[in-house]
Every structure is written in structure tokens, then in C-alpha cells.
Amino acid sequence: MDKEMIQHLIDTALAQRKYSYTPYSGFKVGAALLAQNGAVYTGCNIENAAYGPSNCAERTAIFKAVSEGMRDFLAICVVGGLEEGIQDMCPPCGVCRQVMLEFCNEDFQIILATDRENYEIHTLGELVPMGFKL
Ligand code: THU
């Protein structure tokens, strides 16, 4: 993936944070999921008073895509932090990693960023060694 695409995904994920619904944690996450055909699906985290029904940004993006018939993915960019700004990388939680494993192969790229110049790229295989699949 070229730097232009990486930065486009970072910008898109950062822009998504404004839609995060986080009255309980105040932790706002944005995601931009790149499909094989070049389409980008966005996601943000959406919390709930009962906590359990909350959804992470990554799963929001993946479920939006799958619900529209897309199942082939190349990469996802994730950015997250408290309202004011982003201090650290925001690696996906275990549940989101398991959902990625369902639709993506081990070369799927996970871009973690704090801004468009500071990012790191990991593969799903790295983040989920010995993942469970049927
Ligand atoms: N969250 C995400 O959306 N993605 C992650 O990768 C980590 C955590 C959300 C869930 C919850 O709304 C908030 O961040 C704090 O855990």
C-alpha cells in the first residue's frame, strides 16, 4: 500500500471520530476499512447504557461492509483516544480481532496511527497468532 493510501485511511479514520457516541467512556475511536475493490467503509464506536451492547469502531466498519455484500478486505486504519486528542496507538480489542479473523487472511494490514505522519502497520497474523477459525 502506498503512503498516499495510508494517509487517506488515517484522515478518514480521524474524521470518523466525530461521530463516536461515547457518553460513558469518552474514548473516541474511528476506523477506515479498505476493501479489495478500493471502497472504504467507515466506523466509529457506539456505546450503550447497558455497556455490553456497545460496539467498537472496527466492528462497526466491518459489519457495515459485510451487510452491503463486501467480504474482501485489505486493510483497516484505527485511531482512538480521549475526546481532546490522540496520545497513543489504539490496537483493536480481542473481540474485533476475532471478527477480523472471520473475514480477513493473515496478511490483512492493521494501521495504527496517532496522526497522518505517525503510524505503524501490523498484520492480522501478528496480532492474532494461532487464531481460532472453523
Ligand atoms: N474501542 C474501540 O472502538 N476500538 C478499539 O480498538 C478499542 C476500544 C471502544 C470501545 C469503547 O466504546 C471505548 O473504546 C472504550 O473502551
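In this predicted model, strand β1 (residues 27–35) and strand β3 (residues 73–82) pair in the antiparallel sense over nine bridges, where strands are DSSP runs of E with at least two residues, numbered from the N terminus, and two strands pair if DSSP finds at least two bridges between them. Within this pairing, Ala-32 stands opposite Cys-77 of β3. Strand β2 (residues 40–44) also runs antiparallel to β1, to which five bridges join it, and Cys-44 in β2 is the bridge partner of Gly-30. Four residues lie between β1 and β2 in the hairpin that they form, and Gly-38 in the turn has a positive phi of about 95°. Because eight of its nine residues are buried, β1 is largely enclosed by the rest of the structure; buried denotes under 20% relative accessible area, with a 1.4 Å probe and protein chains only.

The residues around the ligand, each with a heavy atom within 4 Å of it, include Phe-27, Val-29, Glu-47, Ala-57 and Glu-58. A polar side-chain atom of Glu-47 lies 2.5 Å from an oxygen atom of the ligand, and an N or O atom in the side chain of Glu-58 is likewise 2.5 Å from a ligand oxygen atom, whereas Ala-57 places a backbone N or O atom 2.9 Å from an oxygen atom of the ligand. The elements giving two or more residues to the shell around the ligand are β1 and α2 (57–67), helices being DSSP runs of H or I with at least four residues.

Residues are numbered from 1 along each chain as its sequence is written, and side-chain values use heavy atoms, with hydrogens and water left out. For this predicted model, local features need pLDDT of at least 70 and side-chain atom pairs count only at pLDDT 80 or more, whereas totals for chains, interfaces and linings use all residues.

Key: Buried < 20%, exposed > 50% of the residue type's maximum accessible area, 1.4 Å probe, protein only. Polar contact = N/O pair within 3.5 Å; in protein donor to acceptor, adjacent residues only side chain to side chain.
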